[in-house]
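Me: I have a structure open and would like to go through it bit by bit. Can you take some questions?

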Amino acid sequence: ATANPVVGNIVVNGSGIIWYTSSSGSTVVSTSTALTDGATYYASQTLFGCESPSRLGVTVSINPCNPSVILSSNTSSVTETGPGSATLTATISYVSLRNVVANIGYTGTATAGSDYTAASSIVVPAGSLSASITLTAVTDNVYEPGAAETVIADIISVTDGTENGTQQQTISISDNNTQPTVTLSVNNTLVNEPGGTSTVTATLS
């Protein structure tokens, strides 16, 4: 088995084999040509300088090997300012004839939707080695004291591929809001008794 089969990988008995695109045409197929699932290739044999008048048709059925997938990130921290973003990349071990889909799950102290947005899968197209999605922090006007919140991106399943061990990336999201200050104000600095009132208002800046 091979990850990227070519015409030369077709096993035949004998030597002097020439592959064609049809049973009677003159178009020769190079042995380095990638095989196409369901296609028929036609072989002749040349012995002692004479090529066989008939050709053997071989129809190919490809059962692709499944590449392994790793997950990487271009950064381990982002901030709400901007907002910041991280690029999550799925890379496969070799080029596949099919799309390889890495399904991503998210855990951690950050909340999807209110703290960040990110797609739930990465699709590596057939013929490519990698593909990426963007995890973007959500800008808000809420002061969040304490340590930065975290997002753990984890490959939870793979279609037409396998996860290379446990693949996950942890990204921290830093708050862009400073601790607010409090200002007190009153609407009336002089009240009469009895029954006079004044409203005291606390305002965050």
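Reply: What follows is a short chat about a predicted model, covering a surface patch, a sheet and two loops.

Me: Start with the surface. Which residues make the nonpolar patch?
Reply: The patch is made by Val182, Leu184, Val186, Val200 and Leu204. Its area is about 520 Å².

Me: Which strands supply at least two residues each?
Reply: Strand 15, residues 182-186, and strand 16, residues 200-204.

Me: And which strand gives the most?
Reply: Strand 15 does, with three residues.

Me: Pick Leu184. Where is it found, and why does it count as exposed?
Reply: Leu184 is found in strand 15. It counts as exposed because its relative accessibility is 62%, and the cut-off for exposed is over 50%.

Me: Changing topic: the open sheet. What is the strand order?
Reply: The order is 6-14-12-8-10, so written for five strands, and the pairing is mixed.

Me: Which strands are at the edges?
Reply: Strand 6 (77-79) and strand 10 (121-124) are the edge strands, and each of them pairs on one side only.

Me: By how many degrees are neighbouring strands turned against each other?
Reply: On average by 25 degrees, with direction ignored.

Me: Let's look at strands 12 and 14. How many bridges join them, and do they run parallel or antiparallel?
Reply: Six bridges join the two, and they run antiparallel. Strand 14 covers residues 168-174.

Me: What is the bridge partner of Thr150 in strand 14?
Reply: Ser172 is the partner of Thr150 there.

Me: Now the loops. What is the phi of Phe48?
Reply: Phe48 has a positive phi of about 55 degrees, and Phe48 is not a glycine.

Me: Why remark on the sign?
Reply: Because most residues other than glycine have a negative phi.

Me: Where does Phe48 lie, and is it buried or exposed?
Reply: Phe48 lies in the loop between strand 2 (40-47) and strand 3 (50-51). At 85% relative accessibility, Phe48 counts as exposed.

Me: What about Asp160, what is its phi?
Reply: The phi of Asp160 is near 60 degrees, again a positive value in a residue other than glycine.

Me: Which loop is Asp160 in?
Reply: The loop between strand 12 (149-159) and strand 13 (162-163).

Me: Why is Asp160 called partly exposed?
Reply: Because its relative accessible area is 27%, and partly exposed runs between the 20% and 50% cut-offs.

Key: Residues numbered from 1 in each chain as written. Predicted model: local features only at pLDDT ≥ 70, side-chain atom pairs only at ≥ 80, totals over all residues. Heavy atoms only, no water. Patch = residues over 30% accessible without salt bridge, like charges linked within 9 Å, V, L, I, M, F, W, Y side chains within 5 Å. Areas by Shrake-Rupley, 256 points an atom, 1.4 Å probe, with all protein chains shown as cover. Salt bridge = Lys/Arg side-chain N within 4 Å of Asp/Glu carboxyl O. Helix = DSSP H or I, 4+ residues; strand = E, 2+ residues; numbered from the N terminus. Buried < 20%, exposed > 50% of the residue type's maximum accessible area, 1.4 Å probe, protein only. Axes fitted to C-alpha atoms, helices over the stretch in contact; angles between N-to-C directions.
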